[in-house]
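Subject: Handing over a structure, with notes on what was found

Dear colleague,

I am passing on the structure below, and I would be grateful if you could read the notes that follow with it open beside you.

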Amino acid sequence: MASESHTTFTPTPFSFIEILKMIHTLFLFALLSSTSHAFVNDFCVANLKGPDGPSGYECKPPNTVTVDDFVFSGLVAGNTSGIFNAAVTPAFVTELPGVNGLGLSAARLDLAKGGLVPAHSHTASSEILIMVKGEITAGFITPGAVYQKTLKPGDVMVFPQGLLHFQVNSGKGKATAFLAFSNPSPGAQLLDLLLFGNNLPSEFISQITLLDYAQVKKLKPRFGGRG
């Protein structure tokens with residue numbers, strides 16, 4: 001009686017190239033899975049009466065969409081009499097519902113003489129600044145370097161997502177620029193507001209920032225903070 005033969009299966013290890021191909025395939029699948037409504041349909045005009053979720057607003061019914069959903073006429077000079085002598089006039093999804101799901105938005109920046117936008121970041125968006133009038137010294141900060149440039153009309157500067165950046169009017173008059181963002185709702189986190197617009201004790205903020213206690217105490221009321 002012939003004995004049965006058994007074949008042992010030894011799995012063949014994947015090559016480095018094959019692993020890269022699998023990672024690439026998984027990445028594309030994840031990207032397509034997270035695609036917004038705007039890529040499934042021609043557009044997805046925001047229904048501003050509903051909630052704003054991680055993927056944006058829900059779409060308005062197509063029969064309620066008008067051309068005005070794709071037009072914003074308010075990108076005009078703003079009031080620069082505030083604490084920073086600056087005005088940012090947004091054309092985000094709340095002003096321009098047609099950008100919902102498209103991954104972009106815009107704004108106008110006006111700086112009075114000596115005005116500035118202090119160090120801030122956009123955790124969900126990169127930013128492009130297009131100089132129109134005057135002179136602005138702008139830059140962004142990384143753990144190892146500061147990238148700073150004095151910009152004049154015709155200059156364009158990009159600020160990578162999540163990095164602290166700033167804009168200061170370094171000219172002799174008013175300055176104007178237009179901004180573009182890679183998110184319909186870019187949001188902003190101002191460092192000064194985070195530090196001084198809270199109810200942490202001034203002594204504690206002085207300790208964790210190495211700032212003078214008297215200066216912290218003075219700045220807190222200016223940003224609506226207490227303590």
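Which backbone atom does the side chain of Ser126 reach, and at what distance? Before the reply, please keep in mind that this is a predicted model. The side chain of Ser126 comes to 3.1 Å from the backbone nitrogen of Gln161. Ser126 itself sits in the loop between S5 and strand S6 (127-133), and, because its relative accessible area is 23%, it counts as partly exposed. Apart from neighbours within four places in sequence, its contacts are Phe159, Pro160, Gln161, Ala180, Phe181 and Ser182. Pro186 is 60 residues from Ser126 in sequence, while their C-alpha atoms are 8.2 Å apart in space.

The protein as a whole

The protein contains five helices and twelve strands, and 30% of its 227 residues count as buried. Of the contacts with a separation of 6 or more, 65% are between residues 24 or more positions apart.

The open sheet and Thr137

One open sheet is made of five strands in the order S8-S7-S10-S5-S12, with antiparallel pairing. Its edge strands are S8 and strand S12 (189-190), each of which pairs on one side only. Within this sheet, strand S7 (residues 136-141) and strand S8 (residues 146-151) are joined by six bridges in the antiparallel sense, and a hairpin of four residues leads from S7 to S8. To place the register of this pair, Ile136 has Leu151 in S8 as its bridge partner, and Gly139 stands opposite Gln148 in S8.

Thr137 also belongs to strand S7, and it is the residue of this strand that I would ask you to look at in more detail. Is Thr137 buried or exposed? With a relative accessible area of 13%, Thr137 falls under the 20% limit and therefore counts as buried. Its side chain makes a polar contact of 2.7 Å with the side chain of Ser170. When residues up to four places away in sequence are not counted, Thr137 touches Gln148, Lys149 and Thr150, together with Phe166, Gln167, Val168 and Ser170; Gln148 is thus a residue that Thr137 touches as well as the one that stands opposite Gly139.

The second largest pocket

For any work with ligands in mind, you may wish to have the figures for one pocket. The second largest pocket has a volume of about 340 Å³, and its lining consists of 23 residues, with Val88, Val117, His120, Ala188 and Leu190 lying nearest its centre. Strand S3 (86-91), strand S5 (116-121) and strand S11 (175-181) are the elements that give two or more residues to this lining. Sorted by class, the lining of the second largest pocket has 16 nonpolar residues, six polar residues and one charged residue.

Two residues with positive phi

Most residues other than glycine have a negative phi, so two backbone angles deserve a separate note. Asn85, although not a glycine, has a positive phi of about 55°. This residue is placed in the loop between strand S2 (56-57) and S3, and at 30% relative accessibility it counts as partly exposed. Asn85 is in contact with Thr80, Asp110, Leu111, Ala112, Gly115 and Leu116, leaving aside its neighbours within four places in sequence. One of these, Ala112, is 27 residues from Asn85 in sequence and 5.5 Å from it in space, C-alpha to C-alpha.

Leu210 is likewise not a glycine and has a positive phi, of about 65°. Leu210 is found in the loop between helix H4 (202-209) and helix H5 (213-222), and, with a relative accessibility of 78%, Leu210 counts as exposed, whereas Asn85 counts as partly exposed.

With kind regards

Key:
Residues numbered from 1 in each chain as written. Predicted model: local features only at pLDDT ≥ 70, side-chain atom pairs only at ≥ 80, totals over all residues. Heavy atoms only, no water. Pairing = 2+ DSSP bridges. 1 Å grid on protein atoms, 1.4 Å probe; cavity = no way out; pocket = protein on both sides within 12 Å on 5 of 7 lines; lining within 4 Å. Points joined across faces, edges and corners; volume = space filled by probe spheres on them. Nonpolar A, V, L, I, M, F, W, Y, C, P; charged D, E, K, R; others polar. Buried < 20%, exposed > 50% of the residue type's maximum accessible area, 1.4 Å probe, protein only. Polar contact = N/O pair within 3.5 Å; in protein donor to acceptor, adjacent residues only side chain to side chain. Contact = heavy atoms within 4.5 Å.
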